Amino acid sequence: MKKTFILILLLNLCVQFYAQNKLSSKDSIDTFYNQLFKNLKTSYLYKNDVNWKGVITETNQNLSKYDNFNSSLSEIEPLFNKIGATHCNIYYKDKVYSSSIKSINEKLSDEWEKAYASKPSFKTKIINNEFGYILIPKIIFSDISEKNVHRIAQPLYDEIADLKSKNNLKGWIIDLRFNTGGNSWPMLLALYDFLGNNDINGSLNIDKKQINKIKLDKGVYYNNSKKVSYITPHGQLLDQAKVAVITSAATGSSGEIVALSFKGRANTIFIGQETFGATTGNIKSSLPFGSYMALTTSYDCDRNGNYYKTISPDIVILKEDNFENLLLDKNIQEAIKYITRV
C-alpha cells in the first residue's frame with residue numbers, strides 16, 4: 001500500500017513537472033497563439049478587415065524572441081492594436097491582457113479618481129427621504145452559468161426591492177459612473193423592476209442588421225428566447241417610475257449596455273458625460289492553459305435596434321462629482337430636478 005502511494009505521488013510530480021515544462025516551452029507559445037488566431041479569424045467582428053497573413057507572419061516573428069509562454073503574452077497588446085481589437089481582453093491567472101487603453105484621465109474629476117481608487121461596490125440608499133439611489137460599478141466574473149449569474153443578481157435585486165417596498169419614493173437615480181466593464185447580465189436582472197417585461201437591447205452584425213434580442217420577462221433574462229438566467233421578483237414593477245441614469249467618461253462596455261437598455265424607456269433621462277465607447281458585444285472564448293478571452297463579435301443596440309458609438313447625456317455635467325455628499329453632486333442635483341419636475 002505504501003509503495004503504491006509513493007508511485008502515485010511520483011507520477012503526480014512527473015505530471016506537474018511536465019505541465020510546467022510544457023508551459024515554458026516554445027511549443028506552448030505556438031499552441032496558444034494558433035488557437036487565438038483561429039478564434040479571431042472565425043468570430044472577430046472585424047475579421048474581414050484584417051490582413052491575417054501579414055499579421056500572423058509579423059506576430060510569429062515577434063514571438064521568436066520569447067523563451068516562455070508567460071513572457072509571450074506581452075505580444076497581445078501590439079497584436080490587438082494592429083487589428084483594432086480595442087474591446088477584446090485575454091484573461092490568464094488573474095491578469096488581463098488587452099490593446100493599449102485610451103486615456104480619459106483628463107475628462108475625470110479628482111473626486112471620481114479618489115472614489116474609484118477605493119474600489120466602490122454595489123450600493124443602494126435613500127437621498128433626502130425622497131429618491132432611491134443605486135450605484136452599479138463593474139461586476140467581473142468568469143462563471144457565466146445560469147446558476148452563478150442568479151446567485152450574483154438576486155441579492156442585488158432584493159436590495160433594490162427592499163428600498164422599493166419600504167419607501168414611498170418620487171423617483172430613482174441609477175449611477176453608472178464607475179461601471180467600467182464586466183458582465184451586464186446580473187446588472188440588468190437587478191434592474192428588472194425598472195425595465196419591466198420588454199425587449200431591452202440586442203446585437204447587430206457587421207452590416208448593422210439585428211441578429212438577436214435581449215428580453216426580460218417575469219424576472220427571466222432571455223437571449224433570442226433562450227433562458228440565460230433569472231431573479232425571483234416581488235412587489236410592483238417600476239417600469240413607469242421616473243429614472244435618471246448618470247454616466248461618466250469611464251462608463252464603458254457593461255455600463256454602456258445598461259445605459260442603452262434604458263434608451264426608449266418612458267420617463268428616463270441621461271445625465272453626466274459622454275460614455276467611453278465600447279459598445280460592442282463580446283462572447284467568452286476558450287484558450288489553452290486555462291485562459292480565455294472576451295471576443296468581440298457584434299455591435300450592441302437598444303431595444304429598437306439602434307446602435308450608439310457612445311451614449312450622450314441629455315444634460316451634460318463635467319467634473320462636478322461629489323461622492324461624499326451626494327446632495328452637493330451636480331449630477332444628482334439635476335436628477336432631482338428632473339424627478340420633481342411636474
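**View 1. Six strands of this predicted model line up in an open, mixed sheet.** The order is E3-E4-E5-E10-E11-E14, where strands are DSSP E runs of at least two residues, numbered from the N terminus, and a pair needs at least two DSSP bridges. At the edges stand E3 (123–127) and E14 (315–316); each has a single partner strand, so one side of each is left without a neighbour in the sheet. This is a predicted model, so local features need pLDDT of at least 70 and side-chain atom pairs pLDDT 80 or more, while totals for chains, interfaces and linings use all residues. Residues are numbered from 1 along each chain as its sequence is written, and side-chain values use heavy atoms, without hydrogens and water.

**View 2. Here are strands E4 and E5, with a helix across them.** Residues 131–135 (E4) and 171–175 (E5) run parallel, joined by five bridges. Look for glycine 132 opposite tryptophan 172 of E5. Helix H7 (residues 146–166; helices are DSSP H or I runs of at least four residues) lies across E3, E4 and E5, at about 15 degrees to E3; axes are lines fitted to C-alpha atoms, for helices over the stretch in contact, and angles between N-to-C directions run from 0 to 180 degrees.

**View 3. Now we zoom in on histidine 150, in helix H7.** Its relative accessible area is 17%, so histidine 150 is buried (under 20%, with a 1.4 Å probe and protein chains only). Beyond its neighbours within four places in sequence, histidine 150 has contacts (heavy atoms within 4.5 Å) with Pro155, Ser229, Tyr230, Ile231 and Thr232.

Definitions and conventions: Buried means under 20% relative accessible area, exposed over 50%, partly exposed in between (1.4 Å probe, protein chains only).
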